[in-house]
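Student: I'd like a close look at one part of this protein, the packing of its interior. Could you walk me through it?

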Amino acid sequence: MNSQQPVRVLVAGATGTLGRALIPVLSNRGREVVALARPASQGRLESLSGHIKEVVTAEVTEPDIPASIFEGVHSVISSIGITRQRDGLSYDDVDFGGNLNLLRAAEQSGVQRFVYVSVVGVDQEVNVPGLKAKRRFEEVLVDSTLEWQIVRPSGFFTDIADFLAMARRGTVHLFGNGRSRISPIHPTDLSEAIVDRLEAKPRTIVSVGGPADFTWDEIAELCCRVTGRRCRIRHWPESLLQLALAITRVLSRPTYGTLSFLVHVMTSDTTARNYGSRGLEAFLKAQQEADQQVHTD
Ligand SMILES: NC(=O)c1ccc[n+]([C@@H]2O[C@H](COP(=O)([O-])OP(=O)(O)OC[C@H]3O[C@@H](n4cnc5c(N)ncnc54)[C@H](OP(=O)(O)O)[C@@H]3O)[C@@H](O)[C@H]2O)c1
């Protein structure tokens with residue numbers, strides 16, 4: 001490769017929360033960005049076009065990903081995964097199968113490095129489909145001949161914003177006793193940590209959280225404070241959650257998948273190495289102002 005040429009990086013999951021944060025960070029740090037999107041989702045990349053060299057499309061859950069999408073690509077970063085069930089596919093189909101297809105195609109196309117965005121706590125032997133699928137993919141990746149990197153983030157600020165919306169409605173619902181801890185991170189800080197991995201020693205696993213750890217009670221109290229309204233915090237006991245899990249497991253696998261992940265995250269510690277500078281309170285205040293603006297317009 002000509003040393004003057006920018007390194008070409010393919011972002012898979014480019015249309016998601018993290019993918020969209022990664023693209024400007026990569027381009028501002030001198031990388032040439034190829035954004036991989038599903039054909040139906042590529043419109044979400046329009047506002048980022050100034051940071052993207054090329055948009056390529058493929059369905060990663062289908063075999064035979066075209067080799068042409070990897071032309072000149074040095075590194076792949078994959079943030080492909082199910083966070084909100086939309087299209088009837090399972091975690092095994094997407095978090096495991098989609099990433100596996102992408103890895104195999106990258107291996108055959110001369111890509112050198114594969115950075116996989118997993119999740120903190122994935123190595124715990126818990127019966128959570130989303131974690132199991134990610135764990136299975138990690139197991140395959142560490143046997144790959146590529147220079148792999150695994151990043152295991154804690155929760156994103158953007159997901160914490162859901163609790164702000166609850167606070168505005170008057171009640172923040174928490175699963176469990178509210179004492180489990182988490183290290184939420186801004187997607188841009190996480191993106192900086194991920195881009196660092198492009199040049200880090202290969203074959204390493206890092207967990208990445210934001211600059212501060214919180215209990216879920218502290219997060220709920222912060223959300224209430226930011227809204228400036230009185231609101232209450234409701235704790236759903238674990239016995240009730242176990243019953244809900246047993247019922248949804250029989251009646252609706254997608255609901256079970258989402259619920260089991262949320263119960264896991266809110267009833268066990270999911271802290272990670274502290275990183276970044278963007279604070280949760282400032283993010284939530286900005287979110288609150290933006291949401292109020294929408295309501296007054
Ligand atoms: N959000 C969090 O708090 C958090 C915390 C830790 C780890 N993570 C993990 O980090 C990764 C990125 O999270 P995120 O919040 O950015 O997720 P997101 O906003 O839901 O984005 C997920 C990405 O995966 C793609 N995807 C989903 N289903 C697909 C399918 N069937 N075929 C091809 N692509 C598909 C989406 O494409 P479309 O736009 O076409 O749907 C999107 O680009 C996920 O693996 C997530 O589990 C998230």
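Student: To start with, what percentage of the 297 residues of the protein count as buried?

Tutor: Keep in mind that this is a predicted model. Of the 297 residues, 42% count as buried. The fold they sit in has nine helices and eleven strands. Its radius of gyration is 19 Å, close to the 19 Å that the globule rule gives for 297 residues, so the protein is as compact as a globular protein of that length. If you want box dimensions, the C-alpha trace spans about 60 × 45 × 35 Å along the principal axes.

Now for the inside. In soluble globular proteins, nonpolar side chains tend to be buried together. Here, the largest nonpolar core has 81 residues. The members that touch the most other members are Leu-10, Val-11, Leu-36 and Cys-223. As for who supplies the core, helix H6, residues 216–227, gives the most, with seven residues.

Let's zoom in on Leu-10. Leaving aside residues up to four places away in sequence, Leu-10 touches Val-34, Leu-36, Ile-69, Phe-70, Val-73 and Val-76. Leu-36 turns up again here, having already been listed with Leu-10 among the core members that touch the most others.

Contacts that reach far along the chain are a wider theme. Take the contacts between residues at least 6 apart in sequence: 79% of them join residues at least 24 apart. A nice case to click on is Phe-157, which lies in helix H4, residues 157–169. Phe-157 and Leu-280 are 123 residues apart in sequence, yet 6.7 Å apart in space, C-alpha to C-alpha. With the same sequence neighbours left out, up to four places away, Phe-157 touches Leu-280 along with Pro-184, Ile-185, His-186 and Phe-283. Phe-157 counts as buried because 22 other C-beta atoms lie within 10 Å, and the cut-off for that label is 20 or more.

One last stop is the ligand, which 26 residues surround. The closest are Thr-15, Gly-16, Leu-18, Ser-41 and Gly-81. Helix H1 (17–28) and helix H2 (91–108) are the elements that give two or more residues to this shell, and the largest share, three residues, comes from H1. By residue type, the shell divides into eleven nonpolar, twelve polar and three charged.

Note on methods
Residues are numbered from 1 along each chain as its sequence is written. This is a predicted model: local features need pLDDT of at least 70, side-chain atom pairs count only at pLDDT 80 or more; totals for chains, interfaces and linings use all residues. A residue is near a molecule or strand if its C-beta atom, placed from the backbone, lies within 6 Å of it. Helices (H or I, at least four residues) and strands (E, at least two) are DSSP runs, numbered from the N terminus. Ala, Val, Leu, Ile, Met, Phe, Trp, Tyr, Cys and Pro count as nonpolar, Asp, Glu, Lys and Arg as charged, and the others, Gly among them, as polar. The radius of gyration is taken over C-alpha atoms; the globule rule is 2.2 Å times the number of residues to the power 0.38. A residue is buried if 20 or more other C-beta atoms lie within 10 Å of its own, exposed if 12 or fewer, and partly exposed in between; C-beta atoms are placed from the backbone. Two residues are in contact if their C-beta atoms, placed from the backbone, lie within 7 Å. A nonpolar core is a set of buried Ala, Val, Leu, Ile, Met, Phe, Trp, Tyr and Cys residues joined through C-beta atoms within 7 Å.
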